[in-house]
Amino acid sequence: MDDVSRAIAGELQLMDPLVRASRERVAQLLDPEFVEVGASGRRSTYETMVAELADHPGSSPDGPRYQPSDMRGVVLAPGLVHLTFEAALGERRTRHSSIWRRGDRSAGWRIYHHQATHVPPGAD
């Protein structure tokens, strides 16, 4: 499996409601220096995301699930991958950009930065 495929696999795990609901699994996938700027404009850190992701939309097996599309990646440097994709959660559509970096052997690939932007209805 190449580096882009590993980053995509991690991103897909973070969209899985069972993973999102597990603080332990989320903590394994987020880099300790993780920062996110969500579609709401809110800035989140590793600590806040590990503590709160289970309460975010898309984290319940009984609720709507993220449906990603057009996921692509590029290697920026050894051990650093940039992913872009769109996702739908119910009627809400968002565009995403994330940076994944490889840690030591035990840590593996972790998401370092994530940005989401809401896509208004009718926008391309």
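Reader: How much space lies in the largest pocket?

Author: In this predicted model, about 550 Å³ of space lies in the largest pocket. Of the 27 residues that line this pocket, the closest to its centre are Arg20, Glu36, His56, Tyr66 and His114.

Reader: Which elements give two or more residues to the lining of the largest pocket, and which gives the most?

Author: The elements that give two or more residues to the lining are H1, E1, E4, strand E5 (92–102) and E6. Among the contributors, E4 gives the most, with four residues.

Reader: How do the residues of the lining divide into nonpolar, polar and charged?

Author: The lining divides into 15 nonpolar, seven polar and five charged residues. Two of the residues closest to the centre can serve as examples, since Arg20 and Glu36 are both among those closest, and Arg and Glu count as charged.

Reader: Why is Ser59 called buried or exposed?

Author: Ser59 has a relative accessibility of 4%, and buried means under 20%, so Ser59 counts as buried. Its place in the chain is the loop between helix H4 (46–52) and strand E3 (66–77).

Reader: What makes the pairing of the side chains of Ser59 and Arg20 a polar contact?

Author: The side chains of Ser59 and Arg20 are joined at 3.1 Å, and because a polar contact requires a pair of N or O atoms within 3.5 Å, the pair of Ser59 and Arg20 can be given that name. A polar atom of the Ser59 side chain also lies 2.7 Å from the backbone oxygen of Leu53.

Reader: Which residues is Ser59 in contact with, leaving aside its neighbours within four places in sequence?

Author: With those neighbours left aside, Ser59 is in contact with Pro17, Arg20, Ala21, Leu53 and Ala54.

Reader: Why is Leu14 called buried or exposed?

Author: The relative accessible area of Leu14 is 9%, and the limit for buried is under 20%, so Leu14 is buried. Leu14 lies in helix H1 and, leaving aside neighbours within four places in sequence, is in contact with Arg20, Leu29, Leu30, Trp100 and Ile111. Between the C-alpha atoms of Leu14 and Gly58, which are 44 residues apart along the chain, the separation is 9.9 Å.

Reader: What makes Ile8 a case of its own, buried, exposed or partly exposed?

Author: Ile8 has a relative accessible area of 21%, and because buried means under 20% and exposed means over 50%, with partly exposed in between, Ile8 is called partly exposed. This residue lies in helix H1, and its contacts, leaving aside neighbours within four places in sequence, are Met71 and Leu83. Although Ile8 and Met71 are 63 residues apart along the chain, their C-alpha atoms are separated by 7.6 Å.

Reader: How do you know whether Arg43, Glu24 and Asp70 are buried or exposed?

Author: Each value is set against the limit for exposed, which is over 50%. Arg43, in strand E2 (residues 43–45), has a relative accessible area of 55% and is therefore exposed. Glu24, found in helix H3, has 59% and so counts as exposed. Asp70, in strand E3, has 51% and so counts as exposed.

Reader: What is said of the phi of Asp70?

Author: Asp70 has a positive phi of about 55 degrees, although this residue is not a glycine.

Reader: Where do Arg43 and Glu24 stand relative to residues far along the chain?

Author: The C-alpha atoms of Arg43 and Ser98, 55 residues apart along the chain, are separated by 14 Å, while Glu24 and Ala123, 99 residues apart in sequence, are 37 Å apart in space from C-alpha to C-alpha. Not counting residues up to four places away in sequence, Arg43 touches Val35 and Glu36.

Reader: How many residues has the largest nonpolar core, and which have the most contacts inside it?

Author: The largest nonpolar core has 18 residues, and Leu30 and Trp100 are those with the most contacts inside it. Two or more residues come from each of helix H1 (3–15), helix H3 (23–29), strand E1 (30–37), H4, strand E4 (80–89) and strand E6 (109–119). There is also a second, separate core of five residues, including Met15, Tyr66, Ala87 and Leu89.

Conventions: Residues are numbered from 1 along each chain as its sequence is written. This is a predicted model: local features need pLDDT of at least 70, side-chain atom pairs count only at pLDDT 80 or more; totals for chains, interfaces and linings use all residues. Side-chain values use heavy atoms; hydrogens and water are left out. Buried means under 20% relative accessible area, exposed over 50%, partly exposed in between (1.4 Å probe, protein chains only). A polar contact is a pair of N or O atoms within 3.5 Å; within protein, one must be able to donate a hydrogen and the other to accept it, and residues adjacent in sequence count only if both atoms are side-chain atoms. Contact means heavy atoms within 4.5 Å. A nonpolar core is a set of buried Ala, Val, Leu, Ile, Met, Phe, Trp, Tyr and Cys residues joined through side-chain atoms within 4.5 Å. On a 1 Å grid over the protein atoms alone, a cavity is a set of points where a 1.4 Å probe fits but cannot get out, and a pocket is an open set with protein on both sides within 12 Å along at least five of seven lines; lining residues have an atom within 4 Å of a point. Grid points are joined across faces, edges and corners, and a volume is the space filled by probe spheres set on the points.
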